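User: I would like to examine this model by asking how each label is justified. Please set the values against the definitions as we proceed.

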Amino acid sequence: MSFDSTEANRRFREKQGFPYDLLSDLDKSASIAYGVATADDQRTPRRSVLIAPDGTVAASYATVKPAEHPDRVLADLDTFSG
């Protein structure tokens, strides 16, 4: 999710070959609600947030290493399945 427009996200997605859509948060409301950004932020902070089934923040990752992050998130997801 970024503060960029849907069109800018589409172009970025196509250029990078991402297999999934990128979300736009033009008014910053979702980013603020999940504690990722403040109203004063001009750019979207690089953070990752794992949302629990009940809509709460289950985990927040301030530092994301792309090569390691998927495994970390998958391990955290295992905690939901018990």
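User: What does His69 touch, leaving out residues up to four places away in sequence?

Analyst: His69 touches Ser48, Tyr61 and Val64, where contact means heavy atoms within 4.5 Å. The model is a predicted one, in which local features need pLDDT of at least 70 and side-chain atom pairs count only at pLDDT 80 or more, while totals for chains, interfaces and linings use all residues. Residues are numbered from 1 along each chain as its sequence is written, and side-chain values use heavy atoms, with hydrogens and water left out.

User: Is His69 buried or exposed, and how do you know?

Analyst: The relative accessible area of His69 is 13%. Buried means under 20%, exposed over 50%, and partly exposed in between, with a 1.4 Å probe and protein chains only. His69 is therefore buried. His69 belongs to helix 3, residues 69-81. Across the protein, buried residues make up 18% of the 82 residues.

User: What makes the pair Arg13 and Asp21 a salt bridge?

Analyst: A salt bridge is a side-chain nitrogen of Lys or Arg within 4 Å of a carboxyl oxygen of Asp or Glu. The closest N and O atoms of Arg13 and Asp21 are 3.7 Å apart, so the pair qualifies. Salt bridges that share partners also join Glu7, Arg10, Arg11 and Glu14 into one network. In the whole structure, the search finds four salt bridges.

User: How are Arg13 and Asp21 classed for exposure, and why?

Analyst: Arg13 has a relative accessible area of 25% and is therefore partly exposed. Asp21, at 59% relative accessibility, counts as exposed. Arg13 lies in helix 1, which covers residues 6-16. Beyond its neighbours within four places in sequence, Arg13 is in contact with Phe18, Pro19, Tyr20, Asp21 and Leu22. By comparison with these contacts, the distance to Pro70 may be noted: its C-alpha atom and that of Arg13 are separated by 18 Å, the two residues being 57 apart along the chain.

User: Which residues does Glu7 meet in salt bridges, and at what N to O distances?

Analyst: Glu7 meets Arg10 at 2.3 Å, N to O, and Arg11 at 3.5 Å, N to O. Glu7 and Arg10 are about one helical turn apart because they lie three residues apart in helix 1. Glu7 and Arg11 are four residues apart in helix 1, again about one turn. As for exposure, Glu7 at 35%, Arg10 at 34% and Arg11 at 47% each count as partly exposed.

User: Why is Tyr34 counted in a nonpolar surface patch?

Analyst: Patches are made of residues with over 30% relative accessible area and no salt bridge; like charges are joined within 9 Å, and nonpolar side chains (Val, Leu, Ile, Met, Phe, Trp, Tyr) within 5 Å. Tyr34 has 34% relative accessibility and counts as partly exposed. Tyr34, Ile51 and Val57 make a patch of about 220 Å², an area taken by the Shrake-Rupley method with a 1.4 Å probe, only the protein chains shown counting as cover for residues. Tyr34 lies in the loop between helix 2 (29-33) and strand 1 (48-51).

User: How do you know how many helices and strands there are?

Analyst: Helices (H or I, at least four residues) and strands (E, at least two) are DSSP runs, numbered from the N terminus. There are three helices and two strands, and their order from the N terminus is α-α-β-β-α. The C-alpha trace spans about 40 × 30 × 20 Å along its principal axes.

User: What can be said of the contacts between residues at least 6 apart in sequence?

Analyst: Of these contacts, 22% join residues at least 24 apart.

User: How much area does the protein expose, and what share comes from carbon and sulfur atoms?

Analyst: The protein exposes about 6200 Å², and carbon and sulfur atoms supply 52% of it.
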